[in-house]
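Empty space inside and at the surface of a protein can be described by its volume and by the residues around it. The report below takes up one enclosed space and one open space in turn.

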Amino acid sequence: MEDLRRMSVLAQESRGRTSSLAWLLVLGIVLAALNLRTAVTSVGPLLNQLAGALGMTSVGTGVLTTLPVLAFASVGAITPTLARRVGEHRLLLLALVTLGVGMLIRSMVGSAEIFLLSSAVALSGGAVGNVLIPTLIKRHFPARTGIMTTVYTTALAAGTMLAAAATVPIERASGDWHIALGVWAALAAVAAVPWLALLRSEPERDAGAGDAGIRRMVRSRLAWTVAIYFGTQAMIAYIMFGWLPTILVDGGYTTSQAGVILGVFTALNIPVSIATPMVASRFRDQRPVVVGLVAFYAAGFLGLWFGPASMAPAWIVLVAVGMGSFPLALMMLALRTRTPEATAGLSAFGQSAGYLISGAGPLLVGVLREATGGWALPYTMIFLVLVAQLCTGLYAGRDRYLEDERPPATAGKIGG
């Protein structure tokens, strides 16, 4: 009888430790997600001021705005290899420290070159987090992928909006852009605390997970469709964040009105990030959600293109709902794989290739608008992107797994 009591106490203690670890992981993921875009969106509102204060040329400004795509694509691609060597928890801790140090350094300098270099360092930390967090969700919460993706994407959207909205007020209150940028380094330091505690629960590293590496992904049709789906949704997002104020001003709105509408559009990402994974996780097959989101996009862009300018806020709301394709793309990284190692490989490949694809979007819109003096060709390009998003989403959204995909037959095996 005494042995049974001891076993019961031990079982309760084990469940308590497991529950505490789970909540610590949730806290760590939320705080890390809040930081993944602060290095990007804190710079945009102060870009002209930074260029003047640092003596940054137009070339330097162009490099600064392109750095996020380059960092997310390049550093994201090598993250699974780093995780196998360092460990996932240790690597995310290092990523948050790198993010914070990079942002702290750039907030203290007066040189354009050092500002760009430290920004690249900070963005590298964010790139690692982009790939690692879907992997950690798959590893630690395999039965709650939808809920945890909701938590992750909501925190990511909140951090994105917070840095974009609060940086200018902080700068005005302090009278110093150095302080306005340095605040976000402190937030990264806070995010690192849970991962210090989680070092003791580092998952075992699977050194034999090379089959989920880049070679496997390059040969995988599913990996390519996930990457293109991710890239098309990111392209639409970059186009909207970069060109929405211009679209509105060309439609007759003042710059202040355009700024308010852009702020509302950004804020809508939070409820959309909450709703989309909750809906998508109810289905084993996400194709109906893919179709629904593309339909919202199409309706919104048709309204912006042909509808009355006075209705622009309504069309923007429809486009904002279509932006649910971002949390859906992140969900697919875990839903289309069986193991954390495969999730890591698909996350690295899908996001790296996807961000490279997306980077061309805002540039192409600018070139087409400059060449034609109007929006007909840019909107035509957007609808071509939506067609690609629909086609790849219908393939990637089907209930299937990367590990079940047959590798392509090699020439040496044919006839053997």
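Which helices each supply at least two residues of the lining of the second largest cavity? In this predicted model, they are α6 (112-140), α7 (145-174) and α15 (325-335).

**The cavity.** A search of the whole structure finds two cavities of 30 Å³ or more, and the second largest cavity holds about 40 Å³ of space. Its lining is made up of Pro134, Ile137, Thr145, Thr149, Tyr152, Leu330, Met331 and Ala334. Sorted by class, six of these lining residues are nonpolar and two are polar, while no charged residue takes part.

**The pocket.** The second largest pocket encloses about 270 Å³ of space. It is lined by 17 residues, of which Thr145, Ser281, Phe283, Gln286 and Leu335 lie closest to its centre. Two or more lining residues come from each of α7 and α15, and α7 gives the largest share, three residues. The class count for this pocket lining is eight nonpolar, four polar and five charged residues.

Thr145 appears in both settings, as a lining residue of the second largest cavity and as one of the residues closest to the centre of the second largest pocket. The volumes of the two spaces are set out below.

| Space | Volume |
|---|---|
| Second largest cavity | about 40 Å³ |
| Second largest pocket | about 270 Å³ |

Helices α7 and α15 likewise recur, since each supplies at least two residues to the cavity lining and two or more to the pocket lining.

Terms used. Residues are numbered from 1 along each chain as its sequence is written. This is a predicted model: local features need pLDDT of at least 70, side-chain atom pairs count only at pLDDT 80 or more; totals for chains, interfaces and linings use all residues. Side-chain values use heavy atoms; hydrogens and water are left out. On a 1 Å grid over the protein atoms alone, a cavity is a set of points where a 1.4 Å probe fits but cannot get out, and a pocket is an open set with protein on both sides within 12 Å along at least five of seven lines; lining residues have an atom within 4 Å of a point. Grid points are joined across faces, edges and corners, and a volume is the space filled by probe spheres set on the points. Helices (H or I, at least four residues) and strands (E, at least two) are DSSP runs, numbered from the N terminus. Ala, Val, Leu, Ile, Met, Phe, Trp, Tyr, Cys and Pro count as nonpolar, Asp, Glu, Lys and Arg as charged, and the others, Gly among them, as polar.
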